[in-house]
Amino acid sequence: MTESVLDAEPQLTNADTEAEQSIPPDTPRFGFGLTANTILFYTLIKGLQLTLYGLIFPLYAYSLGYNQEAIGRLNATGALMVFVCGVPLGMLADRVGRARLLVISAILAPISLFGVGFAQTLPTLVFWMLLQNGLSVVYWSATSPLLIGAVPAEQRVRVFSINSFFLWGLGALGSTIGGFVAASAANVLGVSADSTEPLRIAMATAGVLGIIGVIPLWRIRNVESAGDRATGKVSLQRSDYALFVRLLVPDILAACGAGALIGFLPLFFALRFGVEPRPLGLIFTLIGVLSGIAALSAPLIVRRLGNLRAISGMFLGCALAIGCLVTMPLLAGAVVFEAIRSGLRGSIDPIYTPYAISRVAPERRGTLAGLYNVTYATGFSLGPLISGWVQEHHGFNLAFLLGAGCYIAASLAIFLLWRNLPEEAPATQGAAA
């Protein structure tokens, strides 16, 4: 199936119309309206946190004496919490309101980040990582259904492309912030930038960003958008399970590929090319900004190629870029190919996410988003575990190429499983309690 969203937008049913009428008045003064604009701002803050954490945590863990295999196990341990609570929290969001649950998690998230940054023992570090990942489940479970319900269908790819730009593009400034904070703290303390204390201070900065992000998010704590009303118990049919499997298989493959690569990129550049935290932060900021800009092209890509060809083709492009990355002997070349990989991956999400989630009824979208957290957790458990072991015994090249193979498998799964997916699902009649 190669038609684009813009060419084949499904017509709204009566159930859709009734659901849209439940949206509170939210007249846009700019952008997409209060709910969507507030989520986009919070996404920007979340992006700063994620990129700062992604840069600093591997270096921080390495400074504590953990090798790559151990760091892979730590990442897998954090993902375990996502695996355990992904579906329950997604279902809870469907029942009590996604916006309300999102605010609660945003309030608690800075505490967990401070805990990771100042943990003194391995059990303490694991505890705070588990809590942090559990709270992150709510963000990933709530924001996509909220954005889908907050904007008209014809604006979805556009709003998700801007969301990706904020998350990975402007959010990439978190890498610069993390590198700058670590370097500045090292100068003040009179130690090297890869020592534990300056990296610990940089980790705590992510918690400070979280405090900033929760303030405007408070405005939407009681919002109800289409499909966000507490629905009571909705029984799942056999067809629902079959549809969920078709939607989830490509995601678990892509998550394995990402897990084998992403958590180790800072170490890859640091160990192979000798890059220190401050220039490393600038490199990842540049890559992230380019990736975010690439995500803005998603509406044009889907208009020209259609959903499935765009998604599967860009997964193949990611695999090719990884192959070039690990065989490139020069730092500049490695940065270029990582930027290409990141840009392609960032352009997939604005097409992939609304397309997949809109295939199920609105009252089940939180459940599906929770299941996506499970596939993420599975991929980011298996991927880092396997990649860390392979790196210790065979080096970066083979480990990253295994990740590329997972992207190729995800592309094939998209082609085989998504060709005859149903059109956008309306709300189930009588589902609301």
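A nonpolar core, as I use the term here, is a set of buried Ala, Val, Leu, Ile, Met, Phe, Trp, Tyr and Cys residues joined through side-chain atoms within 4.5 Å. I'm working from a predicted model.

**Entry 1: the cores**

I looked up the largest nonpolar core, and it has 104 residues. The residues with the most contacts inside it are Phe57, Leu247, Phe269, Tyr372, Phe400 and Trp418. Which helix gives the largest share of this core? Helix 2 does, with 14 residues. Another core lies apart from it, with 8 residues, including Leu89, Ala93, Val137 and Val138.

I picked Leu247 for a closer look. Leaving out neighbours within four places in sequence, I find Leu247 in contact with Tyr352, Ala356, Arg359, Val360, Leu368, Tyr372, Trp418 and Leu421. Tyr372 and Trp418 are on this contact list, and both are also among the residues with the most contacts inside the core.

**Entry 2: the whole chain**

Next I checked the overall counts. The protein chain has 16 helices and 0 strands. Of its 433 residues, 57% are buried. For contacts with a separation of 6 or more, I get 87% from residues 24 or more positions apart.

**Entry 3: helix 7 and its partners**

I took helix 2 (residues 34-63) against helix 7 (residues 173-189). Their axes come within 7 Å and cross at roughly 50°. Angles from 35 to 65 degrees fall outside the parallel and perpendicular classes, so I call helix 2 and helix 7 oblique to each other. Is the crossing of helix 2 and helix 7 left-handed or right-handed? I get right-handed.

For the residues involved, Leu48, Thr51, Leu52, Leu55 and Ile56 of helix 2 meet Leu173, Gly174, Ser175, Ile177, Gly178 and Gly179 of helix 7. I sorted this contact by class and got 6 nonpolar, 5 polar and no charged residues.

Then I tried helix 7 against helix 11 (residues 277-295). These axes also come within 7 Å, but the crossing angle is roughly 170°. That is over 145 degrees, so helix 7 is roughly antiparallel to helix 11. On the helix 7 side I noted Leu173, Ser175, Thr176, Gly179, Phe180, Ala183, Ser184 and Asn187. They meet Pro277, Arg278, Gly281, Leu282, Phe284 and Thr285 in helix 11. By class, I have 6 nonpolar, 7 polar and 1 charged residues in this contact.

I also see Leu173, Ser175 and Gly179 on both lists: they are part of the contact with helix 2 and of the contact with helix 11.

**Entry 4: helix 10**

I went through helix 10 (residues 265-273) for burial. Leu265, Pro266, Leu267, Phe268, Phe269 and Ala270 are its buried residues. Phe269 is one of the residues with the most contacts inside the largest core. After helix 10 comes Gly274, and its phi is positive, near 70°.

**Entry 5: Ile71**

Ile71 sits in helix 3 (residues 68-96). Its relative accessible area is 0%, so I count Ile71 as buried. Setting aside residues up to four places away, I have Ile71 touching Pro58, Ala61, Tyr62, Tyr66 and Leu267. Leu267 is one of the buried residues of helix 10. What separates the C-alpha atoms of Ile71 and Gly388, 317 residues apart along the chain? I get 7.4 Å.

**Entry 6: Arg200**

I wanted to know about Arg200 in helix 8 (residues 196-217). Is Arg200 buried or exposed? At 7% relative accessibility, under the 20% cut-off, Arg200 counts as buried. Beyond its neighbours within four places, Arg200 is in contact with Tyr60, Leu64, Gly117, Phe118, Ala119 and Gln120.

**Entry 7: two residues of helix 16**

Helix 16 (residues 396-417) holds Ser411, and Cys406 is in helix 16 too. Ser411 has a relative accessible area of 4%, so it goes down as buried. I find Ser411 touching Ser312, Phe315 and Leu316, not counting residues up to four places away in sequence.

Cys406 is at 22%, so I list it as partly exposed. Its C-alpha is 5.4 Å from that of Leu253, with the two positions 153 residues apart in sequence numbering. Leaving aside neighbours within four places, Cys406 is in contact with Leu253, Cys256 and Gly257.

Key: Residues numbered from 1 in each chain as written. Predicted model: local features only at pLDDT ≥ 70, side-chain atom pairs only at ≥ 80, totals over all residues. Heavy atoms only, no water. Buried < 20%, exposed > 50% of the residue type's maximum accessible area, 1.4 Å probe, protein only. Helix = DSSP H or I, 4+ residues; strand = E, 2+ residues; numbered from the N terminus. Axes fitted to C-alpha atoms, helices over the stretch in contact; angles between N-to-C directions. Parallel < 35°, antiparallel > 145°, perpendicular 65-115°, else oblique. Left-handed = near helix turned anticlockwise from the far one by under 90°. Contact = heavy atoms within 4.5 Å. Nonpolar A, V, L, I, M, F, W, Y, C, P; charged D, E, K, R; others polar.
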